[in-house]
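Trainee: I would like to learn how to read salt bridges, burial and chain contacts in a structure. Could we go through them one at a time?
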Amino acid sequence: MFNNAMGLILADNKKITLGELSGPRALSAVPFAGRYRIIDFMLSNMVNSGIKNVGVLTYNKYKSLMDHLGTGAAWSLDRKNDGLHILPPYVNSEATNINGDEELAGVLDFLRTSRTTFVIVANSNVVLNTTFDDMIEAHEKSGADLTVMYNRDATKFGSPSYILDVDEDGFVKDMLYNPQKAASNKSSLGIICLRRDMLVDIISKQMSHGITHFGIHSMVKMFDELKVYAYEYAGVALRINSVQTYFNASMNLLNESVRDDLFWSGEPIYTKVKDEAPTLYFETSDVKNSILSDGCRIYGNVEDSIIFRSVTVSKNTTIKNCVVMQDAHISENCHLENVILDKNAFVRPGVRLVGHHDYPVVIGKGAGI
Amino acid sequence: MGRTDVVAMILAGGQGARLGVLTKRIAKPAVPFGSRYRIIDFPLSNCVNSGIEIVGVLSQYQPLALNTYVGNGHPWDLDRNNAGAYILPPYQRSGKSDWYKGTANAIYQNKDFIDDNNPKYVVILSGDHIYKMDYAAMLKQHIAKGADATVAVYEVPWEEAPRFGILNTEGDDSIYEFEEKPAEPKSNLASMGVYIFTWDVLRAALIKDEADPNSNNDFGKNIIPMLLSEGKKLFAYRFSGYWKDVGTISSLWETNMDILDKPEEINLVDRSWKIFSRNPVKPSHFIGKDGRVKSSALTDGCRIHGDVEHSVLSESVIVEKGAVVKDCVLLPGVVVKEGAHIERCIVDFGTVIGKNVKAGPNVEGECAYTNHKICSQGITVFERGLIIKDNAVIPANSMIDSDIEVSDEESVIQSTFRV
């Protein structure tokens, strides 16, 4: 635990869309693993590292994210000093272009008022449970200007992938974006650490060169000017770059070793609490190899699925290989296979819906079928 | 909503001795209930849902778990600027200091707290019932009738009336007599232990009661009869929803089972009257390929690889492959090892049921732990923090208590740990 770092989470990613799932919300606010949103993992990682000052940088669609984060109390970030700061784009009458340099100006202010030495900056397309103590220690020891976390997933999660070419001392000498043929299997996890004053310098310099977008890999790409060290993460890291990888990451949770790494061996993952009732399994239910959350009423069959809070699965209905989000209602005599049901979806009696495990069917938020 | 002319006081200091080992380390209101809750969540949530924002929690017996649980009241939205949840333990003062002698004395000792909030009305609640009740509706009647005190009553079957404190009323529901456990009841209106007093009236009564050295300082036994003898206006408030006392092992077990057998009665999924609780920080629960769950309630952190039937499981319970759990109430962190078969058991925090342990009504006879005083109806209770020996056989109506001295041969406890 250290108090010498602050955190900055980039809540959305212009390169990644999850189709209907990210339509109504930022990437980091997409529900995941039964009772979480993707951002819960990175926020918890930061808090579990002793970080008490976290900025969440957003640029649009931030309503559900703000509902979720609130005052930050669920992560113990409702503090008098520091705490949680949501950084929406500055929009004023003179500059209505919200993708302009207001985004960076807002970040600069936030960084300048902090007193910590280091900053951890993270994208929100990766789910992992870690603390950053070891990474910062490695960063200091290496004498690098910037350290980037990677693992050996290479390109298997598809675009966007940033493959690192690392020299024998562990420094980055090249970075390739979505290469046809990967130079190595070292793929950036989109998490960096560096000194806060250096980040302020980099951003100021970028602004004066007319660069308006704040991106982690645009900084890693500065390996010609800066010493960029690569730090390997050996634990489970689930990348979410598309509907397909979202679905795969969800199904991966059914592996005991993945659940152990994400939930049981490290620090706790915090999320907004909902005070739902316990889940009730009725006499007719049959549930196998599935994750279920509170407040559900299960009368039917559930197999190999992830069920979020307050979902109803009615009698004579089978849910197989599905992700069913909060408050969805599935009526009697339905058969759903390889389907992602977003929040509040309603499935009428007798509906049969089968996707392919490589291409799940997505039913949007609040849809009735 | 949000009335600051009302203060609620929850009497949470009692030991709850009839719950045996379950209340050895924690006060009764902090005992887990219904998979996700503690008993005190019900009166606390009722207060908040009724718009009462100043809630005193009177703690005395084993207060640590209760104080930690209630904390600053945040889970119930009771962390307000000028209101909220206040833990009120007995305290030292110049001259003398006392434990809470009785329910009325507990309020008497905290009359400064109530005075400081300057309420018109005080709601007195107990921390040992499972029910959802709108105290605002009761207060409305109290005000409309111009009452000095209003007592919530519940119509019990006539044959059960002798077990309760019974209120005898006139046609307009005004109370003329209170009888504690009458052999021949004149009415079947049982006091629920929920009172609303006009504070001036109660304040004067508490001072008078305190001056009487022969008083038990109890609301039912002393304060209500005193107000009646003084000719004060007391009314009954009829409540007809779900209401269960969880003061004994068998009633605690039955009330847990009600969640499974008649979920619509207590209706925990009603979003207009949520029961709030301090939520555990655990992932969603998991049912494995070999797991089988029927007619049961589960919550976060459970991992089920065995058979669970007609049982209520709290957070982070593990049931291993080949284990059978039937008609049980398992509290947070309990582990049931491979091949164990337990029925009608209440297992407290963290206890590990060893491999192939057999416990429940299928096991006949008696053992060193048999306790008919606390346990009945074939229910077996395990203390918290025990590791039960593999292959142990435990007859029904036992209370597994690490303080009972038994020979190594008879003992079913391998070791204990602190939870």
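Mentor: Let us begin with accessibility, keeping in mind that this is a predicted model. B:D403 has a relative accessible area of 53%, and it counts as exposed because the cut-off for that class is over 50%.

Trainee: With which residue does the side chain of B:D403 meet in a salt bridge?

Mentor: The partner is B:K24, and the N to O distance between the two side chains is 3.0 Å. When you meet such a pair, look next at where each residue sits along the chain: B:D403 lies in the loop between β31 (399–400) and β32 (413–416) of chain B, while B:K24 lies in the loop between β1 (6–11) and β2 (32–33) of that chain, so that the pair links parts that are 379 residues apart.

Trainee: Is B:K24 buried or exposed?

Mentor: B:K24 is buried, because its relative accessible area of 16% falls under the 20% cut-off. The salt bridge therefore joins an exposed residue, B:D403, to a buried one, B:K24.

Trainee: Which classes do the residues of another salt bridge fall into, say B:R292 and B:D307?

Mentor: B:R292 and B:D307 have their closest N and O atoms 3.0 Å apart. B:R292 belongs to strand β15 (residues 292–294) of chain B and B:D307 to strand β18 (residues 307–309), with their positions 15 residues apart in the count along the chain. Here B:R292 is partly exposed at 31%, and B:D307 is partly exposed at 25%.

Trainee: What about a salt bridge in chain A, such as the one between A:R195 and A:D197?

Mentor: In that pair the side chains meet at 3.3 Å, N to O. A:R195 has a relative accessible area of 39%, which makes it partly exposed, and A:D197, at 41%, is partly exposed as well. Over all chains, the structure holds 35 salt bridges.

Trainee: How many salt bridges lie across the interface of chain A and chain B?

Mentor: The rule finds 4 of them across that interface. To read a bridge between chains, check the chain letter of each partner: A:D327 and B:R271, for instance, meet through their side chains at 3.0 Å, N to O. Salt bridges can also join into a network, as they do for A:R35, A:D294, B:R36 and B:D300.

Trainee: How many residues does each chain give to the contact, and how much area is buried?

Mentor: Chain A gives 36 residues and chain B gives 38, and between them the chains bury about 3,100 Å², with 49% of it on carbon and sulfur atoms. On the side of chain A, A:W264, A:D275 and A:Y281 lose the most area to chain B, together 23% of what that side buries.

Trainee: How many residue pairs are in polar contact across this interface, and which elements of chain A take part?

Mentor: There are 25 residue pairs in polar contact, counting those with both residues at pLDDT 80 or more. The elements of chain A that give two or more residues to the side touching chain B are α8 (256–264), β14 (279–281), β15 (286–288) and β16 (290–292). By class, that side has 18 nonpolar, 8 polar and 10 charged residues.

Trainee: In which sense does β14(A) pair with a strand of chain B?

Mentor: The pairing is antiparallel, over 3 bridges, and the partner is strand β16 (residues 296–298) of chain B. To follow it residue by residue, start from A:L280, which stands opposite B:A297 in β16(B).

Methods: Residues are numbered from 1 along each chain as its sequence is written. Chains are lettered from A and ligands numbered from 1 in the order in which they are written. This is a predicted model: local features need pLDDT of at least 70, side-chain atom pairs count only at pLDDT 80 or more; totals for chains, interfaces and linings use all residues. Side-chain values use heavy atoms; hydrogens and water are left out. Contact means heavy atoms within 4.5 Å. Buried area is the accessible area (1.4 Å probe) that two parts lose on being put together, summed over both. A polar contact is a pair of N or O atoms within 3.5 Å; within protein, one must be able to donate a hydrogen and the other to accept it, and residues adjacent in sequence count only if both atoms are side-chain atoms. Helices (H or I, at least four residues) and strands (E, at least two) are DSSP runs, numbered from the N terminus. Ala, Val, Leu, Ile, Met, Phe, Trp, Tyr, Cys and Pro count as nonpolar, Asp, Glu, Lys and Arg as charged, and the others, Gly among them, as polar. Two strands pair if DSSP finds at least two bridges between them. Buried means under 20% relative accessible area, exposed over 50%, partly exposed in between (1.4 Å probe, protein chains only).
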